[in-house]
Amino acid sequence: MNATDADALRDWTVGADRFLVHRCAHGHVWASGAGPCPQCAAGAVTSFPSAGRGTVIACTLLHHAPDGDWSPLLPYALLCVRLDEGAQVLGHSPITHRVGSRVKARFAKVTHRPIPIFEQKADAA
Ligand SMILES: [Zn+2]
């Protein structure tokens, strides 16, 4: 694996303001790095951009930042969201959200790359 591949795997947004969803021939979906399916190891994968809409499946409020880049944002919420395309992703929000809430992602550069920020959307259905 060269440095470019390693960077692409770490940067699941692939540097763009969107989630890139991957699907194998067996219907498994994920959004963290291209490559073989993490569930069945199938190598034939199709990739497509997500609309960024989904449902909150977990949410926690953080009071301690991992580093100085995040400290000005405290407190902020960390969310696990099931995108409408089926993949689960992590993102942030300035507020907490109830499990089951509909949200939509926008992207902001908090560090050196786009970070998903989820906002509650009553019309995100
Ligand atoms: Zn699979």
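1. Order of elements. In this predicted model, the chain opens at its N terminus with a helix, and the elements then run on as strands in the pattern α-β-β-β-β-β-β-β-β. The total is one helix and eight strands. Of the 125 residues of the chain, 18% count as buried. Among contacts between residues at least 6 apart in sequence, 43% join residues at least 24 apart.

2. The three-stranded sheet. Three strands make up an open sheet with the order 2-1-3, and their pairing is antiparallel. Strand 2 (29–30) and strand 3 (45–49) are the edge strands, each pairing on one side only. Strand 1 (residues 20–24) is joined to strand 3 by five bridges, and to strand 2 by two bridges, again in the antiparallel sense.

3. Register within that sheet. His22 of the chain may be followed in both directions: its bridge partner in strand 3 is Ser47, while in strand 2 the residue opposite His22 is Trp30. Arg23 stands opposite Thr46 of strand 3. Strands 1 and 2 form a hairpin with four residues between them, and Gly27 in the turn has a positive phi of about 90°.

4. Pairing around strand 5. Strand 4 (residues 53–62) and strand 5 run antiparallel and are joined by eight bridges; within this pair, Thr60 stands opposite Leu78 of strand 5. Strand 5 also pairs with strand 6 (residues 88–93), in the antiparallel sense and over six bridges. Here the bridge partner of Cys80 is Leu90 in strand 6. Strands 5 and 6 form a hairpin with four residues between them, and Gly86 in the turn has a positive phi of about 105°.

5. The nonpolar core. Which residues have the most contacts inside the largest nonpolar core? They are Phe19, Ala31, Val81, Leu83, Ala87, Val89 and Phe118, in a core of 15 residues. At least two residues of this core come from each of strand 5 (76–83), strand 7 (102–109) and strand 8 (114–120). Domain 1 (3–49) and domain 2 (53–120) each contribute at least three residues to this core.

6. Surroundings of Val81. With neighbours within four places in sequence left aside, Val81 is in contact with Gly54, Thr55, Val56, Ile57, Gln88, Val89, Gly91, Val103 and Phe118. Two of these partners, Val89 and Phe118, are also listed with Val81 among the core residues that have the most contacts.

7. A cis peptide bond. Most peptide bonds are trans. The bond from Leu74 to Pro75, however, is cis, with omega near -15°. Pro75 lies in the loop between strand 4 and strand 5, the two strands joined by eight bridges.

8. A positive phi outside glycine. Most residues other than glycine have a negative phi. Ala41 departs from this, with a positive phi of about 70° although it is not a glycine. Where is Ala41 found? Ala41 is in the loop between strand 2 and strand 3. Is Ala41 buried or exposed? Ala41 counts as exposed because 9 other C-beta atoms lie within 10 Å, and the cut-off for an exposed residue is 12 or fewer.

Notes
Residues numbered from 1 in each chain as written. Predicted model: local features only at pLDDT ≥ 70, side-chain atom pairs only at ≥ 80, totals over all residues. Core = buried A, V, L, I, M, F, W, Y, C linked by C-beta atoms within 7 Å. Buried ≥ 20, exposed ≤ 12 C-beta atoms within 10 Å, placed from the backbone. Domains from an automatic or database assignment. Contact = placed C-beta atoms within 7 Å. Pairing = 2+ DSSP bridges.
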